[in-house]
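Got your viewer open and a hand on the mouse? Take a walk through this one with me, one selection at a time.

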Amino acid sequence: MNYIALIDCDSFFVSCERKLNPELKGLPVSVVSGERGCIISRSKEAKAIGVPMGIPLFQAVEKYPECIYIPANHYAYTKISNSVMNILKEFSPKVEVYSIDEAFVDFTGLTKLYKKNYYDLAFYIQQKILNETDIPVTIGISTSKTLAKLASDKAKNTKNRISCAGKMTSQKLLKRTEIDEVWGIGHRLGLKLRGYGIKTAYDFIKRDNSWIQKRFGKNGLVTKSELLGTMISPISNEIELPKSISDTKSFLEFSSDMNFLKNELSIHIHNCCKRLRKIDCKCSEIGILLKTKDFKTYYEKKELDYPMNFEFDISKPAFEILEKMYNPQTLYRSIGIVLEKFNSAAEEQLQLFNRNGNNIQSERLGKSLDKLEQKFGRNIVRTGFVNKNIPFKQGFLTSVQETE
């Protein structure tokens, strides 16, 4: 029988901040989406004093002044996440990175290879990750993704934060699991199920297949099978293209200056393009997000003439959208960009006429920027708006910072 594990990094963003600054360990810490954003990660100490998830920073500071609030550093979190995932890939050829802080790992056959049972193997991996990355993880093990996820959730309340849900223990687990705690069900569907008298995961698996299919279709049957321990969704190493890539951040001070907005937008464009190139794909649609001082949000999007993943190419239509949305009488608190409609760069058909040469040049320059940042650090090369009158491609200037 196949066994898989879900490895879940504990309070990941907070754990990353504690890795970067060990003095934060043991203190109530919350990570905020931006200087004027919301709480997106909390330490157990922050949870203990009552800091809720999603609360705006200004309210949190007023209600919980004893907590330490840190703006998110997603670049650092991504690097640390990659280190954790690389360790997992040392143990198994099948690792499915589910999110920045979660991954499914195929444990099948590893007990013989490492001469350890599933629990001891999980403990060994947990300690290796902690020793090498300083990131604590919780591990749930079972025969399907849904059961592994439930085991991981329950493991958070155990001493060693490891839980195995085998044949003997899975039914007990299902009886203790509220129906809306099941992966993929959630609060709204949970209310509907409770209306049918289904309060726990165990109540759900006791319903006839015909009853489930009539009311919840194929997905309902898949959930039941996974809860019964049958792996319907196997682990996949293939990287699926995301539905969207976005980057945004609140300003330190409100602004209505167009050049400032373009500079900030250019930073977000670069961050998104770098992520696009990393997964070797291009986007065919972009959207600009503007938020005013009084929290009004404006969003405009545009279909691109052809798929792109290079900063200078995307900046032109992005700036056109911004100029259309811009009101000089309005103070803005944040700006961002959203990239959508992706296709693999390898699958892109060659374009006609001279644009092929421009594409190749853009791709080479984009990859060069990525290599420089990888070697010398983030923002070693900066793209920034200068002036419409300067005869440089689309108003951008690149400059290399001095390094020690």
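## Stop one: a helix and its cover

Start with helix α8: the cover over its buried residues includes α7 (145-155), α10 (201-205) and α11 (209-227). Keep in mind as you click around that this is a predicted model.

Now select α8 itself, residues 167-176, and pick out the residues that are buried: Ser-170, Leu-173 and Leu-174. They sit on the same side of α8, because the arc they cover around the axis is only 95°. Here is a handy rule for looking at any such helix: with 3.6 residues a turn, residues three or four places apart point the same way. Spin the view to the face turned away from the buried side, and you'll find Met-168, Lys-172 and Arg-176, which are exposed.

## Stop two: the neighbour, α7

Leave α8 on screen and add α7. How many of the residues of α7 are buried? Nine of the 11 are, so α7 is largely enclosed by the rest of the structure. To see them, select Lys-145, Thr-146, Leu-147, Ala-148, Lys-149, Leu-150, Ala-151, Ser-152 and Ala-155.

Next, look at how the pair fits together. Packed helices get described by the angle between their axes and the distance between the axes. For α7 and α8, the angle is about 70° and the axes are 11 Å apart. That angle makes α7 roughly perpendicular to α8, since 65 to 115 degrees counts as such. The crossing is left-handed. Show side chains to see who meets whom: Leu-147, Leu-150, Ala-151 and Lys-154 come from α7, while Ser-170, Leu-173, Leu-174 and Arg-176 come from α8.

## Stop three: a loop residue

Jump to Thr-230, in the loop between α11 and β9. Is it buried, exposed or partly exposed? Thr-230 counts as partly exposed, because its relative accessibility is 43%. Leaving aside residues up to four places away in sequence, Thr-230 touches Ser-144 and Ser-225. Try a distance label too: from the C-alpha atom of Thr-230 to that of Lys-145 it should read 9.2 Å, though the two are 85 residues apart along the chain.

## Stop four: another helix pair

Select α4 (residues 74-91) and α6 (residues 118-133), whose axes come within 10 Å and cross at roughly 140°. That angle makes α4 oblique to α6. On the α4 side, the contact is made by Ser-83, Val-84, Ile-87, Leu-88, Glu-90 and Phe-91. On the α6 side, look for Tyr-124, Ile-125, Lys-128, Ile-129, Glu-132 and Thr-133. This crossing of α4 and α6 is right-handed.

## Stop five: the five-stranded sheet

Time for some strands. Colour β5, β6, β1, β7 and β8, which form an open sheet in that order, with mixed pairing. At the edges are β5 (95-99) and β8 (162-164), each pairing on one side only. From one strand to the next, the twist averages 15°.

Zoom in on β5 and β6: they run antiparallel, joined by four bridges. The hairpin between β5 and β6 goes through two residues. Ser-99 has Glu-102 in β6 as its bridge partner. On to β1 (residues 4-9), which runs antiparallel to β6 (residues 102-106), with five bridges joining them. Find Leu-6 and you'll see Phe-104 of β6 opposite.

## Stop six: the four-stranded sheet

Which strands make up the open sheet of four? Select β9, β12, β10 and β11, in that order across the sheet, with antiparallel pairing. The edge strands here are β9 (244-255) and β11 (297-308). Neighbouring strands are turned by 15° against each other on average, direction ignored.

Within this sheet, eight bridges join β10 (residues 281-292) to β11. One pair to highlight is Cys-283 with its bridge partner in β11, Met-308.

Finish by switching the helices back on. Helix α12 (residues 258-278) lies across β9, β10, β11 and β12 (332-344), and runs at about 155° to β9. Helix α13 (residues 311-325) packs on the sheet as well, touching β10, β11 and β12, and its direction makes about 150° with that of β11.

How values were computed
Residues numbered from 1 in each chain as written. Predicted model: local features only at pLDDT ≥ 70, side-chain atom pairs only at ≥ 80, totals over all residues. Heavy atoms only, no water. Pairing = 2+ DSSP bridges. Axes fitted to C-alpha atoms, helices over the stretch in contact; angles between N-to-C directions. Contact = heavy atoms within 4.5 Å. Buried < 20%, exposed > 50% of the residue type's maximum accessible area, 1.4 Å probe, protein only. Arc of directions from axis to C-beta. Parallel < 35°, antiparallel > 145°, perpendicular 65-115°, else oblique. Left-handed = near helix turned anticlockwise from the far one by under 90°.
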